[in-house]
Amino acid sequence: MSLDLIDIGSNLTHDSFKADRDAVMARALQAGVRRQIITGADLAGSAQAAALAADHPSRLWSTAGVHPHHAQSFDASHGAALLELLRRPQVVAVGECGLDYYRDLSPRAVQRAAFIAQLELAVQTDKPVFLHQRDAHQDFLAVLEDFGGRLKGGVAHCFTGGRTELEAYLALGLYIGITGWACDERRGLELRKSVPHIPANRLLIETDAPYLLPRNMIPAPTSRRNEPGYLPHIAATVARLRGENVEAVGAATTRNAVALFALEES
Ligand SMILES: [Zn+2]
């Protein structure tokens, strides 16, 4: 079996990968995860992700944005700095951006303002958006609906919702990013019921490494750190939930990632 998967959400600049990033990348490649989109969650992280991607052309790309947790840091200078990053060819999406009312690490009005400013950047640069939403579905939807057809497209990253949320995001034309959350029979119950209803041409897969280690790996990894090389395990779980084979899920999600992020084939 030879897979050609794309991890659309890998936090490869995270400190936990500092010591052995090359080995982590080699293991991913070995596992069939040939390409990764490195998530930028704040300005410094986005610059690091862009630099890492530039060092690995045709293997790594990146996003540039400010996560709602860090929305309070977002100011006018951020807009200009993100714009500079977004003009680089390896930076393929705006984000991660959105709303997180679960943790509420930044005030909600501040989160909304930073989100809207980043959606404007996406319109301006004609790039898709990499979206985060937790416990903020209604406000998130309202903001996106205001942008109507102006956005180039986007992905609801780490989607964990049920059918209602799914239908709302599909109606907005979004892709749906599935993580190892789908491997969790307890916490992921709603999501596991949604997965079969995601159209094949809207499905994406991601590890969100080093977070969200899939719970059903056998044998369980000795470390709690998730890795992009575990993406085939997520693909297999998604395939099982959909009653498809892993090759079909792999082919569809790779095609979708290439389309959404306009990845140049080398
Ligand atoms: Zn997220």
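**Figure 1. Buried residues of helix α6 and the elements that cover them.** In this predicted model, helix α6 has among its residues L166, A168, Y169 and L170, which are buried. The cover over the buried residues of α6 includes strand β5 (129-134), helix α5 (137-146), strand β6, strand β7 (175-178) and helix α7 (189-194). Just after α6, the backbone at G173 takes a positive phi of about 85°.

**Figure 2. Packing of helix α5 against helix α6.** The two helices α5 and α6 pack at an angle of about 10°, and their axes are 11 Å apart. Because angles under 35 degrees count as roughly parallel, that angle makes α5 roughly parallel to α6. On the α5 side the contact involves H137, F140 and L141, which meet E165, A168 and Y169 of α6. By residue class, the contact of α5 with α6 divides into four nonpolar residues, one polar and one charged. Of the α6 residues in this contact, A168 and Y169 are also buried.

**Figure 3. The largest nonpolar core and the surroundings of I178.** The largest nonpolar core has 56 residues, and those with the most contacts inside it are F115, L119, L131, Y169 and I178. Apart from this core lies another, of 14 residues, which has V92, A93, Y175 and L260 among its members. In soluble globular proteins, nonpolar side chains tend to be buried together. Around I178, when residues up to four places away in sequence are not counted, the residues touched are F159, L191, V195, I198, L203, L204, I205, E206, I234 and V238.

**Figure 4. The zinc ion and its protein donors.** The protein donors of the zinc ion are E96 through OE, H132 through ND1 and H157 through NE2, and these donors lie 1.9 to 2.3 Å from the ion. Along the sequence, the donor residues are spaced E-x35-H-x24-H. The pair of E96 and H157 links distant parts of the chain, with E96 in strand β4 (residues 91-100) and H157 in the loop between β6 (154-156) and α6 (163-171), 61 residues apart. Both E96 and H157 are buried. At the donor E96, the backbone has a further feature, in that a cis peptide bond with omega of about 10° joins G95 and E96.

**Figure 5. Packing of helix α2 against helix α3.** Helix α2 (residues 43-55) and helix α3 (residues 76-86) pack with their axes 11 Å apart and at an angle of about 10°. The helices α2 and α3 are therefore roughly parallel to each other. In the contact, L43, S46, A47 and A50 of α2 meet H78, A81, L82 and L85 of α3. The residues that form the contact of α2 with α3 divide into six nonpolar and two polar, with no charged residue.

**Figure 6. The buried side of helix α4 at Q111.** Q111 lies in helix α4 (residues 108-125). Since buried means under 20% relative accessible area, Q111 counts as buried at 1% relative accessibility. Leaving out residues up to four places away in sequence, Q111 touches P68, A71, G98, L99, D100, Y101, D104 and S106.

**Figure 7. P210 and P228 in the loop between β8 and α8.** P210 lies in the loop between β8 (203-205) and α8 (231-242), and the peptide bond leading to P210 from A209 is cis, with omega near 10°. P228 is placed in the loop between β8 and α8 as well, and P228 is buried, with a relative accessible area of 0%. With neighbours within four places in sequence set aside, P228 is in contact with D7, S10, L12, F17, V24, A28, V33, Q36, T207 and A209. P228 and S73 are 155 residues apart in sequence, and their C-alpha atoms are 29 Å apart in space.

**Figure 8. Positive phi at S58 and D126.** S58 is not a glycine, yet has a positive phi of about 65°. The place of S58 is in the loop between α2 and β3 (60-64), where S58 is partly exposed, with a relative accessible area of 29%. D126, which is also not a glycine, has a positive phi of about 60°, and D126 is found in the loop between α4 and β5.

Terms used:
Residues numbered from 1 in each chain as written. Predicted model: local features only at pLDDT ≥ 70, side-chain atom pairs only at ≥ 80, totals over all residues. Heavy atoms only, no water. Core = buried A, V, L, I, M, F, W, Y, C linked by side-chain atoms within 4.5 Å. Buried < 20%, exposed > 50% of the residue type's maximum accessible area, 1.4 Å probe, protein only. Contact = heavy atoms within 4.5 Å. Donors = N, O, S within 2.8 Å, 3.2 Å for Na, K, Ca; no water. Helix = DSSP H or I, 4+ residues; strand = E, 2+ residues; numbered from the N terminus. Axes fitted to C-alpha atoms, helices over the stretch in contact; angles between N-to-C directions. Parallel < 35°, antiparallel > 145°, perpendicular 65-115°, else oblique. Nonpolar A, V, L, I, M, F, W, Y, C, P; charged D, E, K, R; others polar.
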